[in-house]
Amino acid sequence: MKKLFPLLAFIVIVSFTSCSNIEENNDPIIGIWGMADKPSKTAKNIKVRNEWIFNDAYLGRYHQYHNEEIVVLTDFRWVAENDSYLIMYPGLEGNPEITVVMKEEQLIDQEGKIIANRE
């Protein structure tokens, strides 16, 4: 009986701790989004490129390149709200936020400007 009790306790503990179910996130924004290279407005010989990598845990990674060299690298969080997405950058000064909508294969900001294309 002394050997049976620890075995039963172990079985009960394992059965209750392994019952969690992870919800699958199939949001269409998941993936890599980038803005085509364009010359910088301040320095004409620098090409600037922005890239967002959205994952299914409502997190992501943002890169900004100048002439193919990473100058900004930070994580971000995202939230789907109706048909728009709120992107929050807690790693950047001032914790900026941006709201975008997805139309076809493009992310568009609130001013109607295309900020990224699906890659």
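## Ser84 in strand E6

Ser84 is buried, its relative accessible area being 14%, and this residue belongs to strand E6. The model described here is a predicted one, and the placement of Ser84 can be followed through its contacts. When neighbours within four places in sequence are left aside, Ser84 is in contact with Val79, Thr99, Val100 and Val101.

## Overall composition

The protein contains 1 helix and 9 strands, and their order along the sequence is α-β-β-β-β-β-β-β-β-β. Of its 119 residues, 29% count as buried. Where contacts between residues at least 6 apart in sequence are considered, 25% of them join residues at least 24 apart.

## Two hairpins that share strand E5

Strand E4, which covers residues 59-66, is joined to E5 by 8 bridges, and the two strands run antiparallel. Within this pairing, Tyr65 stands opposite Ile70 in E5. The two strands form a hairpin with 2 residues between them, and Asn67, which lies in the turn, has a positive phi of about 50°.

E5 is also joined to E6, in this case by 5 bridges, and these strands likewise run antiparallel. Here Ala80 stands opposite Tyr85 in E6. E5 and E6 form a hairpin with 2 residues between them as well, and in this turn Asn82 has a positive phi of about 55°.

## The largest nonpolar core

In soluble globular proteins, nonpolar side chains tend to be buried together. The largest nonpolar core of this model has 15 residues, of which Ile29, Trp33, Trp52, Phe54, Phe76 and Leu107 touch the most other members. At least two residues of this core are supplied by each of strand E3 (47-54), strand E5 (69-81), strand E6 (84-88), strand E7 (97-103) and strand E9 (114-118).

Ile29 illustrates how residues from separate parts of the sequence come together: not counting residues up to four places away in sequence, Ile29 touches Phe54, Trp78, Tyr85, Met102, Leu107 and Arg118.

## Leu59 at the start of strand E4

Is Leu59 buried, exposed or partly exposed? Leu59, which lies in strand E4, counts as partly exposed because its relative accessibility is 40%, a value between the limits of under 20% for buried and over 50% for exposed. Leaving aside neighbours within four places in sequence, Leu59 is in contact with Ile53, Phe54, Phe76, Arg77 and Trp78; among these, Phe54 and Phe76 are also listed with the core residues that touch the most other members. Leu59 and Met88 are 29 residues apart in sequence, while their C-alpha atoms are 9.4 Å apart in space.

## Asp109, a buried acidic residue

Asp109 has its place in strand E8, which spans residues 106-109. Although buried, Asp109 has no salt bridge, and the nearest side chain of opposite charge, that of Lys113, is 5.0 Å away. That separation does not qualify as a salt bridge because the cut-off between a side-chain nitrogen and a carboxyl oxygen is 4 Å.

Which backbone nitrogens, then, lie by the polar atoms of the Asp109 side chain? The backbone nitrogen of Glu111 lies 3.1 Å from a polar atom of this side chain, and the backbone nitrogen of Lys113 lies 2.8 Å from a polar atom of the Asp109 side chain. Lys113 therefore appears twice in the surroundings of Asp109, through its side chain at 5.0 Å, beyond the 4 Å salt-bridge limit, and through its backbone nitrogen at 2.8 Å. Leaving aside neighbours within four places in sequence, Asp109 is in contact with Ile98, Thr99, Val100 and Ile115; Thr99 and Val100 are also among the contacts of Ser84.

Note on methods:
Residues numbered from 1 in each chain as written. Predicted model: local features only at pLDDT ≥ 70, side-chain atom pairs only at ≥ 80, totals over all residues. Heavy atoms only, no water. Core = buried A, V, L, I, M, F, W, Y, C linked by side-chain atoms within 4.5 Å. Buried < 20%, exposed > 50% of the residue type's maximum accessible area, 1.4 Å probe, protein only. Helix = DSSP H or I, 4+ residues; strand = E, 2+ residues; numbered from the N terminus. Contact = heavy atoms within 4.5 Å. Pairing = 2+ DSSP bridges. Lys, Arg positive; Asp, Glu negative; His and termini not counted. Polar contact = N/O pair within 3.5 Å; in protein donor to acceptor, adjacent residues only side chain to side chain.
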